[in-house]
Amino acid sequence: MKAALERFWDHDLAYSLRRSPVTLVALLLTLVCIGGAVFAPWLAPHDPFDLASLDLNDAFSPPAWTGSGAAKYPLGTDDQGRDVLSTIMYGARISLGVGVAAVAFALVLGVSLGLLSGYIGGRVDAFIMRVADIQLSFPAILIALLIDGVARVALPNEQHGNLAVPVLVLAIGVSGWVQYARTVRGSTLVEKSKEYVQAARVVGRSPLAIMLAHVLPNVTGPVLVIGTIHIATAIITEATLSFLGVGVPPTQPSLGTLIRIGNDFLFSGEWWITVFPGAALITLVLSVNLLGDWLRDALNPKLR
Amino acid sequence: MLAFVLRRLAQAVVVMLVVGLIAFSLFRFVGDPVVFMLGQDATPEDRVRVTRMLGLDQPFYVQYASFVARAAQGEFGLSLRQIRPVSTLITERLPATLELSFVAAVFALGIGIPLGVYTALRRNSWLSHIFLAVSLIGVSLPTFLIGILLILVFAVVLGWLPSFGRGDTVDFGWWTSGFFTLSGLKALILPSITLGLFQMTLIQRLVRSEMLEVLRTDYIKFARARGLSDRTVHFGHALKNTLVPVITVTGLQLGAIIAFAIITETVFQWPGMGLLFIQAVTFADVPVMAAYLCLIALFFVTINLVVDLLYYAVDPRLRIDRAVAAN
């Protein structure tokens, strides 16, 4: 264990991390966000979805330090008397979950299509890349919105409530596969002509086995970097869709839904209901973005 | 040249047909129009009659073809929620979205280009660092949060600007404009900043990096060696060559502005097409959704086509490459 830690400490990545205070802060904030989200059921001061514990008399309580607030609710409460801090922690759980799942889906889809495109070539390649070109000319959020909107209309009401989160993951995932496919296709084209792939072909391995066992491990590096940066984008897309009211159902509020709910009370002076979830979203997205940028530079041999 | 134009045109038509197919299947597979028109307790004879009247007994491709023919004339039927023709609803809402997008684009270009030039020319001044830091935040903040923060500061706390709606508008036939009244102009400020901020930071960063690149080239060195003033070198030689990619990106971003208007319009309750679309999605108003889908696709396809052709016309290298490849 100690040896492993020491090895990590001396590793290039750890060295570049030690040299960049901004990245260290970003890493710390990301860990705090992830920790708060993952362990929300144990860390959160209240359970905002336990209807029995809610008291409408506690609604619209301002943050604790403003004087008229209660120490019980450090960041105040919303219109239903839910503790804002707890709803943020539970909301971040959903935001992060949807974001990571959507990126995983986009990654698997994009990498598979990119491998096929690069390895098989010909018409398959032309078709996949043409679809990618066309999709790239539309903004990702518009595509996610359209897929989500169409699914919302196409599915019956009672089913949609249960399927809202998977549909959202699918919509955001489909809107983001192109980047992965293009990168993987490019590296696959390079790897394909190398001797080890030719050797595998001569030995008689099937194309599928060559793609998965030989080419794939050699094209994953850049994909992981794109994935890190994509998580921030996916979280923003999810928040935007939920803010527009077409994302997660109100029974499972994500950060975007919380901001949407709070937005209605902005004018009556209850700013904390929307500002704190907003601040949480900004912190999460900004620190994940900074981490992604750092990872890209740290892994880029040209910049060393 | 002709082959290039034709190929791009064919691609555009294919995209429109695919989008049309999605819109068509929305109609076809969401709910049963016959039940919708006759109610649950209609006789089987009535059903057959209405099915035939609506042409629903014909094969899929015939129905699709007639849908495309009607869509091409802008006919999408009645909105389910408002019981009015979709085309009327859209023409009513179009001016609001186009005016907002126009002001946002002017804002993005008018502020983005000067900031980009400044940060490129005075690379190490503290003001440049501030501009770059602000642009980083502008890129990473979601649009709707920027809108909410602007409302909180300028409408709720300071009370200077309105936070929703278009203010008073003036009618010119079917076009309603907010440009000619004070309240209309005031109402435009916050939404257009919200909508244009992302594009502004994008243009600023693009102009800066292009300008830095151009300033390193030989012809700039020669221009300086000839003893031209800094002003002439920067604005006569460098900026001019920076603007070609900027024009392309701006063209492509126009479509993005119209699409992102959905979010801004929701935040500011701006009575445009985007708000219409979001309401249609929430209420499963299929005709409005289908019409918006086709219209926004048409915008994008047209803009992409025009930008491609412009690029081809502006950049002679593309033509030579193709000529070489052809031989």
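Here are some notes on the two chains, A and B, of this predicted model.

1. Chain B, the overall build. Chain B is mostly a matter of helices by count: 13 of them, alongside two strands. It runs to 327 residues, and 35% of them count as buried. If you take the contacts in chain B between residues at least 6 apart in sequence, 69% of them join residues at least 24 apart.

2. Chain B, the domains. The domain assignment splits chain B into domain 1 (2–72) and domain 2 (88–287 + 301–326), so note from those bounds that domain 2 is given as two segments. Where the two meet, nine residues of domain 1 of chain B are in contact with six residues of domain 2 of chain B. On the domain 1 side, that patch divides into eight nonpolar residues, one charged and no polar.

3. Where chain A meets chain B. The contact draws 31 residues from chain A and 28 residues from chain B. On the chain A side, the elements giving two or more residues are α7 (140–154), α11 (207–244), α12 (255–263) and α13 (272–299). Of these, α7(A) gives the most, with eight residues. Sorted by class, the chain A side has 22 nonpolar, eight polar and one charged residues.

4. Helix α4 of chain B. I like this one as a sanity check. What span should the 13 residues of helix α4 (residues 60–72) of chain B have at 1.5 Å a residue? The expected figure is 18 Å, because the rise is multiplied by one less than the number of residues. The end C-alpha atoms of the helix are 18 Å apart, which agrees. Just after α4(B) comes Gly74(B), with a positive phi of about 80°.

5. Gln269(B). Have a look at this residue: its phi is near 45°, a positive value in a residue other than glycine. Gln269(B) sits in the loop between α10 (230–268) and α11 (273–282) of chain B. Is Gln269(B) buried or exposed? There are 12 other C-beta atoms within 10 Å of Gln269(B), and the exposed class takes 12 or fewer, so Gln269(B) counts as exposed.

6. Ala3(A). Over in chain A, Ala3(A) is part of helix α1 (residues 2–10). Ala3(A) counts as exposed because it has 7 C-beta neighbours inside 10 Å. If you want a distance to check on screen, Ala3(A) and Ile226(A) are 223 residues apart along the chain, and 31 Å separates their C-alpha atoms.

Key
Residues numbered from 1 in each chain as written. Chains lettered and ligands numbered in written order. Predicted model: local features only at pLDDT ≥ 70, side-chain atom pairs only at ≥ 80, totals over all residues. Helix = DSSP H or I, 4+ residues; strand = E, 2+ residues; numbered from the N terminus. Buried ≥ 20, exposed ≤ 12 C-beta atoms within 10 Å, placed from the backbone. Contact = placed C-beta atoms within 7 Å. Nonpolar A, V, L, I, M, F, W, Y, C, P; charged D, E, K, R; others polar.
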